[in-house]
Amino acid sequence: MPKVYNWQLGREMEYPYEGRRSTRQFAAVFNINRCIACQTCTMACKSTWTYSKGQEAMWWNNVETKPYGGYPQHWDIKTLELLGDQPGWDVARADNQKPYGVYQGETLFEAVKTRTTASGQQALGYLPEAKEWRSPNFYEDTAYSTIASKEGRMGDGTKLPEHKAWFFYLQRICNHCTYPACLAACPRGAIYKRPEDGIVLIDQSQCRGYRKCVEQCPYKKPMFNPETRISEKCIACYPRVEGTDPLTEGEPMVTRCISACVGKIRLQGWIDDPESPIYYLVRVAKVALPLYPQFGTEPNVYYIPPRWAPRGYLRQMFGPGVDQAINTYGKPDHELLSVLQLFGATQKLVYSYKVEEDEVIGYGQKKQEVVRVPIEDPVIVRSEKHFNVT
Amino acid sequence: MADNEQFENPEDFELTHHVVPGEPGRDHIEEMAETFIIEFKRMRWSDEAILAMFRNPFNAGPYYVFKERGETFVMDLLSRCVKSKD
Ligand code: SF4
Ligand code: SF4
């Protein structure tokens, strides 16, 4: 199997295809600290792309409540269980090229050989049962009122199963991975990664509904349509990214979920362009981290972890960069504070930015100004037991 | 078996879970509420707008705090955590 370089792991890894990076790589940062679980993003996506017959249980964007929630149910716990105990990370070897150190365990592409005897599988995975897809917010915000509760067997049927110690919301779309497991898994070669922007798509005319992508994508983002009998997934709103929406007159736009977000938690850009605010957040300030980097697909949606959740849980989810990310985010410098103001500030895609004393300016594809936002920071005086922001 | 038949078993809807404990000495929910306040203040929302956000059941996170800890808790946190320059 060819070797490819995965910077999130700080090492080479096995992947069924030669490593060929796209010219630009679609990426986004989601700031969990700001998400209030209004689900506007989910509905923006649904009303744009998945309102047809057969797409009822299809949520290309979903927001789930950790630790109980998951769509499909328990997707991450099940995949972590398949991967089993792994040695973890050598953080002493971290540097600018390997920001989280070197991952010493197996990825899903590597573990498929050591942890299963199944043949023809490229990445370790499982196929969720139909019932695991039944509700995007099962165990979360949906009150359960069933026959059992009417009979008094479930106690108070209107009481929500809340995890009272702590919880946070995890916003999920396809990660448009650099090394997609879905693409590796497809025996028909129906999944491709666009060289111009790294967006991963399923060719609907080639797919025969074998569901290998559903089985082997660790994030469970390809979904099977029982009506058309083929699989579908998030398309990163590629017509908007291409600039074909008449609203912006040819200027690339951010995706629907990103532009609709009430909490302004989302920012879209390019992970491999040093001028992009995304590159700054992930590679320079290091406040945004990949989701389960140990899976090995090099996912391209990055998260600013929630400040309030237990660190051990967050380290399992986002890797060893969690403590530094939370510390830096808790005491933002002028540049970080400025870039945070670009979140949700415009529907146009911000390619680069300039920070001034009291404003941050975002520039578009042709280096023209697309947004200007004031960087006014209120004086924050928090309770004594927590550090203060200013 | 048709897909929806298997959903009729009510046992499928029971929550099987165990608690993932928080860290000793931390009130994670209060920290979460503080974070929401600071984040929305940074976006220049007024105190009234932030309180309204906590009151709105469609905003699951802030509403949980409002429901569990009460309005006084949220208002107290608002005045304690954040003071605008103006
Ligand atoms: S998240 Fe899953 S569906 Fe999306 S590119 Fe990665 S492997 Fe493929
Ligand atoms: S729209 Fe934004 S704030 Fe609302 S649930 Fe989605 S990500 Fe969270």
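Trainee: What share of the 390 residues in chain A is buried, and how do you know that a residue deserves the word?

Mentor: Buried residues make up 62% of the 390 residues in chain A, the word being reserved for a relative accessible area under 20%, with over 50% called exposed and anything in between partly exposed (1.4 Å probe, protein chains only). For chain B, 43% of its 86 residues count as buried. The model is predicted, so that local features need pLDDT of at least 70 and side-chain atom pairs count only at pLDDT 80 or more, while totals for chains, interfaces and linings use all residues. Residues are numbered from 1 along each chain as its sequence is written, chains are lettered from A and ligands numbered from 1 in the order in which they are written, and side-chain values use heavy atoms, with hydrogens and water left out.

Trainee: Why is Pro332(A) counted as buried or exposed?

Mentor: Pro332(A) has 12% relative accessibility and therefore counts as buried. Pro332(A) sits in the loop between α11 (322-330) and α12 (334-340) of chain A, where helices (H or I, at least four residues) and strands (E, at least two) are DSSP runs numbered from the N terminus. From Ser205(A), 127 residues apart along the chain, its C-alpha atom is separated by 48 Å.

Trainee: And what makes Glu18(A) buried or exposed?

Mentor: Glu18(A) counts as exposed, because its relative accessibility is 57%. Its place is the loop between β2 (11-14) and β3 (26-31) of chain A. Leaving aside neighbours within four places in sequence, Glu18(A) is in contact with Pro2(A) and Val4(A), contact meaning heavy atoms within 4.5 Å.

Trainee: How do you know which angle class describes α2(B) and α3(B)?

Mentor: The axes of helix α2 (residues 47-55) and helix α3 (residues 60-69) of chain B come within 6 Å and cross at roughly 85 degrees. That makes α2(B) roughly perpendicular to α3(B), since 65 to 115 degrees carries that name, under 35 being roughly parallel, over 145 roughly antiparallel and the rest oblique. The contact is made by Met53(B), Phe54(B) and Arg55(B) of α2(B) with Pro62(B), Tyr63(B), Val65(B) and Phe66(B) of α3(B). By class, the residues of this contact are six nonpolar, no polar and one charged.

Trainee: What makes a set of residues a nonpolar core, and how many residues has the largest one?

Mentor: Such a core consists of buried Ala, Val, Leu, Ile, Met, Phe, Trp, Tyr and Cys residues joined through side-chain atoms within 4.5 Å. The largest has 133 residues, and those with the most contacts inside it include Val29(A), Phe168(A), Phe318(A) and Phe54(B). Its largest share, six residues, comes from helix α1 (residues 28-42) of chain B. Phe318(A), leaving aside neighbours within four places in sequence, is in contact with residues including Ile32(A), Leu170(A), Leu289(A) and Tyr303(A).

Trainee: Which residues surround ligand 1, and how does its shell divide by class?

Mentor: Among the residues around ligand 1 are Cys174(A), Cys177(A), Cys182(A), Cys217(A) and Lys233(A), where being near requires a heavy atom within 4 Å. The shell has nine nonpolar, two polar and one charged residues; Ala, Val, Leu, Ile, Met, Phe, Trp, Tyr, Cys and Pro count as nonpolar, Asp, Glu, Lys and Arg as charged, and the others, Gly among them, as polar.

Trainee: Which residues come nearest to ligand 2?

Mentor: Of the 14 residues around ligand 2, Cys35(A), Cys38(A), Gln39(A), Cys41(A) and Cys261(A) come nearest, and the shell divides into nine nonpolar, four polar and one charged.

Key:
Axes fitted to C-alpha atoms, helices over the stretch in contact; angles between N-to-C directions.
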